Amino acid sequence: MDASQISGWELWQWSQQARTEARAAEIAPGEVDWFLQQVTYLDHLALRLESFKTLSQIGLKRPWCEITSLWQRRLSERVPLQYLSGIVNWRHFSLKVSPAVLIPRPETELMIDWVAQAVAQATVRSDQGLTSGDWVDLGTGSGAIAFGLAQVLPNARIHAVDCSAAALDVARQNAEALQMSGQIPSGQIRFYQGDWWEPLVSLQGQVSGMVSNPPYIPQALIPTLQPEVAQHEPHLALAGGADGLDCIRHLVETAPTYVKSGGVWLVEMMAGQAGGVTILLQEQGSYSRIQILSDLAGIERFVLAYLK
């Protein structure tokens with residue numbers, strides 16, 4: 001068999017075996033189709049209908065021995081498929097990911113929709129200040145949120161910050177690829193290495209909106225998470241201190257120095273933290289119109305507030 005090709009029948013047989021292996025390892029069998037989309041040139045419909053079975057040859061993006069080795073790592077080491085393939089699909093983007101960055105979740109996509117809604121409501125109130133100016137993504141990781149902001153805020157300047165040089169390297173590579181494909185404008189996003197607001201001192205009092213998916217998991221809970229998360233995703237992007245609120249607490253306290261009156265403060269959190277975050281915002285005293293927003297599963301996942 002050519003290392004860059006496989007027959008449809010052979011691939012179908014392998015996929016059936018892989019599904020059986022996935023069930024035995026308590027991994028969702030549907031991951032097999034997602035994996036095959038990343039390593040072959042088949043689309044979702046062909047895999048779902050299994051119409052590829054009759055094809056004499058199917059092109060592969062990697063040698064077959066490497067593909068089967070990656071799948072075995074998924075089973076034995078519980079490495080997330082996104083890290084094995086190096087790709088995650090998020091909103092309209094195909095993003096590079098590595099163990100240096102948190103894997104962007106589908107739930108986080110909703111943050112971009114909430115931003116778009118907040119901006120639309122501000123426009124109805126004849127407040128054009130949120131459609132342009134400076135928006136900030138703190139803890140950018142792969143750059144996903146920054147890219148989403150760039151799409152819904154084409155007239156804004158996006159500032160993406162992360163303390164990890166390795167994460168920023170991934171984000172910059174993603175930005176270059178998306179710019180080349182025309183999905184985001186060239187030069188709209190600027191990347192900075194530093195701790196939260198630290199590199200953005202020059203923007204004090206000028207920021208139209210801050211969006212962040214910060215570390216929010218209590219330190220003691222991390223070993224109890226799925227092995228894909230606990231053993232492979234960067235703890236720097238997960239651990240939020242003893243109560244999980246250390247980073248959110250910092251953002252509550254520091255954002256009023258940077259975000260202008262009427263500007264947006266939007267943060268992702270974990271289930272059960274809504275009450276604590278609301279109290280932090282209320283006690284700080286600089287925020288109004290505090291809203292708890294749910295994800296598609298009905299879990300209270302985000303907090304949106306405006307600076308007074």
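Is R289 buried, exposed or partly exposed? In this predicted model, R289 counts as partly exposed, because its relative accessibility is 42% and the partly exposed class lies between under 20% for buried and over 50% for exposed. R289 sits in strand β10, which covers residues 287–294. There's something odd about its backbone, too: R289 isn't a glycine, yet its phi is positive, at about 50 degrees. Most residues other than glycine have a negative phi. R78 is another case, with a positive phi of about 60 degrees although it is not a glycine either. R78 is found in the loop between α4 and α5, and helix α4 is what comes just before it.

Stepping back to the whole chain, the secondary structure comes to 11 helices and 11 strands. The C-alpha atoms fill a box of roughly 65 × 45 × 35 Å, taken along the principal axes. The radius of gyration is 21 Å, which agrees with the value near 19 Å for a compact globule of 308 residues. Buried residues make up 50% of the chain. Plenty of the contacts bridge distant parts of the sequence: among those between residues at least 6 apart, 64% join residues at least 24 apart.

So what fills the inside? In soluble globular proteins, nonpolar side chains tend to be buried together. Here, the largest nonpolar core has 69 residues, and W71, W135, F147, L149 and I189 are the ones with the most contacts inside it. Helix α6 (residues 109–124) gives this core its largest share, seven residues. There is also a second, separate core of 34 residues, which includes I222, Y258, V259 and A274.

Helix α4, residues 64–77, makes a good worked example. Its 14 residues reach 20 Å from the first C-alpha to the last, close to the 20 Å expected at 1.5 Å a residue. The buried residues of α4 are W64, I67, L70, W71, R74 and L75. They all lie on the same side of α4, because they cover an arc of only 140 degrees around the axis. An α-helix has 3.6 residues a turn, so residues three or four places apart point the same way. On the face of α4 turned away from that buried side are the exposed residues C65 and S76. The buried residues of α4 pack against quite a list of partners: β1 (5–6), α1 (8–24), α2 (31–39), α5 (81–85) and α9 (227–230).

W64 deserves a closer look. This tryptophan lies in helix α4 and counts as buried because its relative accessible area is 14%, and buried means under 20%. W64 and G205 are 141 residues apart in sequence, and their C-alpha atoms are 55 Å apart in space.

Helix α8, residues 165–180, tells a similar story. Its 16 residues should span 22 Å at 1.5 Å a residue, and the end C-alpha atoms are 23 Å apart, which agrees. Buried here are A167, L168, V170, A171, N174, A175 and L178. These residues sit on the same side of α8, because their arc around the axis is only 155 degrees. E176 and M180, on the other side of α8, are exposed. As for neighbours, the buried residues of α8 pack against β4 (93–96), α7 (144–152), β6 (155–162) and β7 (189–193).

One of those partners, helix α7, holds A146. A146 is buried, with a relative accessible area of 0%. Leaving out residues up to four places away in sequence, A146 touches D137, T140, I158, A160 and I189. L225 is another matter: A146 and L225 are 79 residues apart along the chain, and 27 Å separates their C-alpha atoms.

How many disulfides turn up in a search of the whole structure? The count is zero. The cysteine pair C163 and C247 shows why: the sulfur of C163 has its closest cysteine sulfur in C247, but 8.9 Å away, too far for a bond, since a disulfide needs the two sulfur atoms within 2.5 Å. Seen from C247, the nearest cysteine sulfur is that of C163, and C247 is in no disulfide. The surroundings of these cysteines can be compared as well: C163 is partly exposed, with a relative accessible area of 41%, whereas C247 counts as buried at 14% relative accessibility.

Note on methods
Residues numbered from 1 in each chain as written. Predicted model: local features only at pLDDT ≥ 70, side-chain atom pairs only at ≥ 80, totals over all residues. Heavy atoms only, no water. Core = buried A, V, L, I, M, F, W, Y, C linked by side-chain atoms within 4.5 Å. Buried < 20%, exposed > 50% of the residue type's maximum accessible area, 1.4 Å probe, protein only. Helix = DSSP H or I, 4+ residues; strand = E, 2+ residues; numbered from the N terminus. Expected span 1.5 Å × (residues − 1). Arc of directions from axis to C-beta. Contact = heavy atoms within 4.5 Å. Rg over C-alpha atoms; globule rule 2.2 N^0.38 Å.
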